[in-house]
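This explanation leads the reader through a protein model, beginning with its aromatic side chains and moving on to its pockets. Please keep the sequence and the structure in view while reading.

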Amino acid sequence: MSHLKIEIDQLHFAYPNGRQILTDLSLVIEQGESVGIIGANGAGKSTLLQLLVGLLLPQSGRIMVGHTPLTPKTLPWIRERIGLVFQDPDDQLFLPTIGEDVAFGPRNRGLDEATVSQLVEHALASVNLAGLQDRPPYQLSGGEKKAASLATILAMEPDVLALDEPTASLDPRARREVIELLKQFKHTRLVTSHDLDMILDVCDRTIVLQAGRIIADGPSNSILTDEKLLQAAGLELPLRLQPRPF
Ligand SMILES: Nc1ncnc2c1ncn2[C@@H]1O[C@H](COP(=O)(O)OP(=O)(O)OP(=O)(O)O)[C@@H](O)[C@H]1O
Ligand SMILES: [Mg+2]
């Protein structure tokens, strides 16, 4: 795994309809950090992750991955380094079987079939989907699809995992398993979520986005216990910290 620092400098982004989504956004993520990105619906979390892998291009500002600036030319390299797991698994799974979806990335890297098979097996086993290679994605439950999309990224062996709402639509046990898995990774992790209890478990640092601006950035156990701050961002305390009604 290479040592990659991510530097985002004065990023401005608007979708083609012209509405400003991210405004003057700057942040630095060191190798190995696990960072939560939280904010109300529409705050710009998914947009930020898509900018990071060049699926969207900013109007101005700069993204550096290690010593490499993100440009159309460096995109293929950057997408090998940073693996984005989409919010919606249907955006990630597009081939007839899960096995083919997971093999897609490694095959694109030109690896031989024996290595591809090994990576596929390992990635599926690590998300508890061993043996499901031949299943079509539409025959999986929502949680299994989520796990399969994580496997497509793990098989690419990226340095940085960018995870957009990794626990959404998971049942409690599957959610717990994803949390345990994310805790084990040594990768740099960027995790967006409304599941603030998960962020507390997985991320040492949390960034709060409000209407496309960073309004706070610090240790998760300070940010996620600051009720006033969370309220200002349209959020609430993690469930485990909320006062019980009786
Ligand atoms: N393709 C698009 N074209 C125009 N506007 C878009 C597009 N995609 C998203 N938006 C708008 O950009 C804003 C930020 O969206 P984004 O998906 O980044 O929010 P988010 O923080 O991930 O929200 P959520 O918590 O609901 O996932 C929203 O107001 C959304 O309506
Ligand atoms: Mg989103």
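The model is a predicted one. Within it, Tyr 15 is partly exposed, having a relative accessible area of 29%. This value falls in between the limits of 20% for buried and 50% for exposed residues. Phe 13, by contrast, has a relative accessible area of 3% and is therefore buried.

How many aromatic pairs does a search of the whole structure find? The search finds two. A pair of aromatic rings is described by the distance of the centres and the angle of the planes. For Phe 13 and Tyr 15, the ring centres are 4.8 Å apart and the planes stand at 85 degrees, so this pair is edge-to-face. The reasoning rests on a cut-off, because planes over 60 degrees apart count as edge-to-face.

The rings of Phe 94 and Phe 104 also form an edge-to-face pair, because their planes are at 80 degrees, with the centres 5.3 Å apart. Phe 94 belongs to the loop between strand S6 (82-85) and helix H3 (98-108), whereas Phe 104 is in helix H3, so the pair ties together parts that are ten residues apart in sequence. Phe 94 is exposed, with a relative accessible area of 52%, while Phe 104 is partly exposed, at 36%.

The pockets come next. The largest pocket has a volume of about 580 Å³. It is lined by 20 residues, of which Arg 79, Gln 92, Phe 104, Ile 153 and Met 156 are the closest to its centre. Phe 104 thus appears both in an aromatic pair and in this lining. Which elements each supply at least two residues of the lining of the largest pocket? Helix H2 (75-81), S6, H3 and helix H5 (142-154) each do so, and H3 gives the most, with four residues. By class, this lining holds ten nonpolar, five polar and five charged residues.

The second largest pocket contains about 330 Å³ of space. Of the 20 residues that line this pocket, Val 127, Asn 128, Ala 147, Ala 174 and Glu 177 are the closest to its centre. H5 and helix H6 (172-184) each contribute at least two residues to the lining of the second largest pocket. The largest share of that lining comes from H6, which supplies seven residues. Its lining residues divide into nine nonpolar, six polar and five charged. Helix H5 therefore takes part in the lining of the largest pocket as well as in that of the second largest pocket.

Note on methods:
Residues are numbered from 1 along each chain as its sequence is written. Chains are lettered from A and ligands numbered from 1 in the order in which they are written. This is a predicted model: local features need pLDDT of at least 70, side-chain atom pairs count only at pLDDT 80 or more; totals for chains, interfaces and linings use all residues. Side-chain values use heavy atoms; hydrogens and water are left out. Rings of Phe, Tyr and Trp (its six-membered ring) pair if their centres lie within 6.5 Å; planes under 30 degrees apart count as stacked, over 60 as edge-to-face and the rest as tilted. Buried means under 20% relative accessible area, exposed over 50%, partly exposed in between (1.4 Å probe, protein chains only). On a 1 Å grid over the protein atoms alone, a cavity is a set of points where a 1.4 Å probe fits but cannot get out, and a pocket is an open set with protein on both sides within 12 Å along at least five of seven lines; lining residues have an atom within 4 Å of a point. Grid points are joined across faces, edges and corners, and a volume is the space filled by probe spheres set on the points. Ala, Val, Leu, Ile, Met, Phe, Trp, Tyr, Cys and Pro count as nonpolar, Asp, Glu, Lys and Arg as charged, and the others, Gly among them, as polar.
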